[in-house]
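Notebook open, model loaded. I want to look up pockets, patches, salt bridges and a few odd spots, and jot them down as I go.

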Amino acid sequence: MSFLSRPLYRWPALIGLWTLAGAVLWITTVQLFLLALNPFCHLQQPGLSRLEVVSVDRNADSQITDFVTAKRGEETRVLTLSKTEAAELHEHDEVWILDAWYADSLRPTQFLLTPQRILLEYPLLLLLPVALGLWRVRRAQREAEAAPPPPVRRTFTDDFHLRAQRFAKPEVAEAGAEKPEKKSADEER
């Protein structure tokens with residue numbers, strides 16, 4: 001029986017999972033709302049890539065983003081990263097870059113790959129562990145509500161009578177064998 005089968009643990013787990021699912025849906029709704037209000041945005045293919053930084057250039061037109069020139073093999077790309085992430089980079093650094101699923105002129109289009117950034121950009125990924133958690137809580141609840149198995153019957157045998165048979169007469173000990181015929185008193189003489 002798992003610990004989730006107890007109501008003391010099951011209810012907080014359910015509340016936490018549904019709260020996480022609600023937060024994911026809220027973040028997704030806000031992202032879609034901001035996307036609908038911005039006329040300059042367009043969808044792009046998300047992706048991951050490992051790039052070597054060539055240079056970090058200041059973007060004079062934006063207070064949020066800077067340009068980072070990076071190359072992968074012979075291909076050179078100009079990335080739009082946030083100022084704080086771009087300030088961390090130096091020439092010849094190799095970094096993992098996460099491409100956002102939409103691009104606009106207001107926010108960065110690429111990010112340094114971190115678990116927090118993945119969850120902020122793609123919050124729907126969190127619904128997979130939420131679904132797994134809800135499934136496990138439901139399975140534990142079914143196990144708890146199932147009828148308990150029948151009790152195990154234990155039969156105790158005493159061995160007193162078995163030990164007492166060693167002192168019995170051979171006739172009694174051989175209950176299944178044929179009994180010898182009794183000879184009459186005349187035959188014995």
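**Pocket.** I started with the largest pocket, which holds about 180 Å³ of space. My working meaning, on a 1 Å grid over the protein atoms alone: a cavity is a set of points where a 1.4 Å probe fits but cannot get out, while a pocket is an open set with protein on both sides within 12 Å along at least five of seven lines; a lining residue has an atom within 4 Å of a point. Grid points are joined across faces, edges and corners, and the volume is the space filled by probe spheres set on the points.

This is a predicted model, so I note the limits: local features need pLDDT of at least 70 and side-chain atom pairs count only at pLDDT 80 or more, while totals for chains, interfaces and linings use all residues. Residues are numbered from 1 along each chain as its sequence is written, and side-chain values use heavy atoms, with hydrogens and water left out.

Which residues line the largest pocket? I get Ile27, Val30, Gln31, Leu34, Leu35, Asn38, Tyr102, Asp104, Leu106 and Arg107. By class, the lining has six nonpolar, two polar and two charged residues. I count Ala, Val, Leu, Ile, Met, Phe, Trp, Tyr, Cys and Pro as nonpolar, Asp, Glu, Lys and Arg as charged, and the others, Gly among them, as polar. Helix 1 (residues 7–37) gives the most to the lining, with five residues.

**Tyrosine 102.** I followed one lining residue further. Tyrosine 102 is found in strand 6 (residues 102–103), and it counts as buried because its relative accessibility is 7%. My cut-offs: buried means under 20% relative accessible area, exposed over 50%, partly exposed in between, with a 1.4 Å probe and protein chains only. Its C-alpha is 7.7 Å from that of glutamine 45, although the two are 57 residues apart in sequence.

**Patch.** Back to helix 1, where leucine 37 has its place. Together with Trp26, Ile27, Val30, Phe33 and Leu34, Leu37 makes a nonpolar surface patch of about 620 Å². Patch residues have over 30% relative accessible area and no salt bridge; like charges are joined within 9 Å, nonpolar side chains (Val, Leu, Ile, Met, Phe, Trp, Tyr) within 5 Å. The areas come from Shrake-Rupley with a 1.4 Å probe, and for residues only the protein chains shown count as cover. Leucine 37 counts as exposed, at 55% relative accessibility. Ile27, Val30 and Leu34 turn up in the pocket lining and in this patch.

**Overall fold.** I tallied seven helices and seven strands in the protein chain. These are DSSP runs numbered from the N terminus: helices are H or I with at least four residues, strands are E with at least two. The order from the N terminus is α-β-β-β-β-α-β-β-β-α-α-α-α-α. Of the 189 residues, 28% count as buried.

**Salt bridges.** How many salt bridges does a search of the whole structure find? It finds five, taking a salt bridge as a side-chain nitrogen of Lys or Arg within 4 Å of a carboxyl oxygen of Asp or Glu.

- Glutamate 94 pairs with arginine 50 at 3.3 Å, N to O. The two sit 44 residues apart, glutamate 94 in strand 5 (residues 94–99) and arginine 50 in strand 2 (residues 47–57). Glutamate 94 is partly exposed at 49%, and arginine 50 is partly exposed at 38%.
- Aspartate 66 meets lysine 83, with the closest N and O atoms 2.8 Å apart. Aspartate 66 is in strand 3 (residues 65–72) and lysine 83 in helix 2 (residues 83–88), so the bridge ties together parts 17 residues apart in sequence. Aspartate 66 is buried at 10%, whereas lysine 83 is partly exposed at 21%.
- Arginine 77 meets aspartate 99, with the closest N and O atoms 3.1 Å apart. Arginine 77 lies in strand 4 (residues 75–82) and aspartate 99 in strand 5, so this pair ties together parts 22 residues apart in sequence. Aspartate 99 counts as buried at 10%.
- Arg107, Arg117 and Glu121 form a salt-bridge network.

**Odd spots.** Histidine 92 has a positive phi of about 75° although it is not a glycine. Histidine 92 is in the loop between helix 2 and strand 5 and is exposed at 56%.

Last entry: valine 137, in helix 4 (residues 127–145), is buried at 2%. Valine 137 and leucine 4 are 133 residues apart in sequence, yet 6.0 Å apart from C-alpha to C-alpha.
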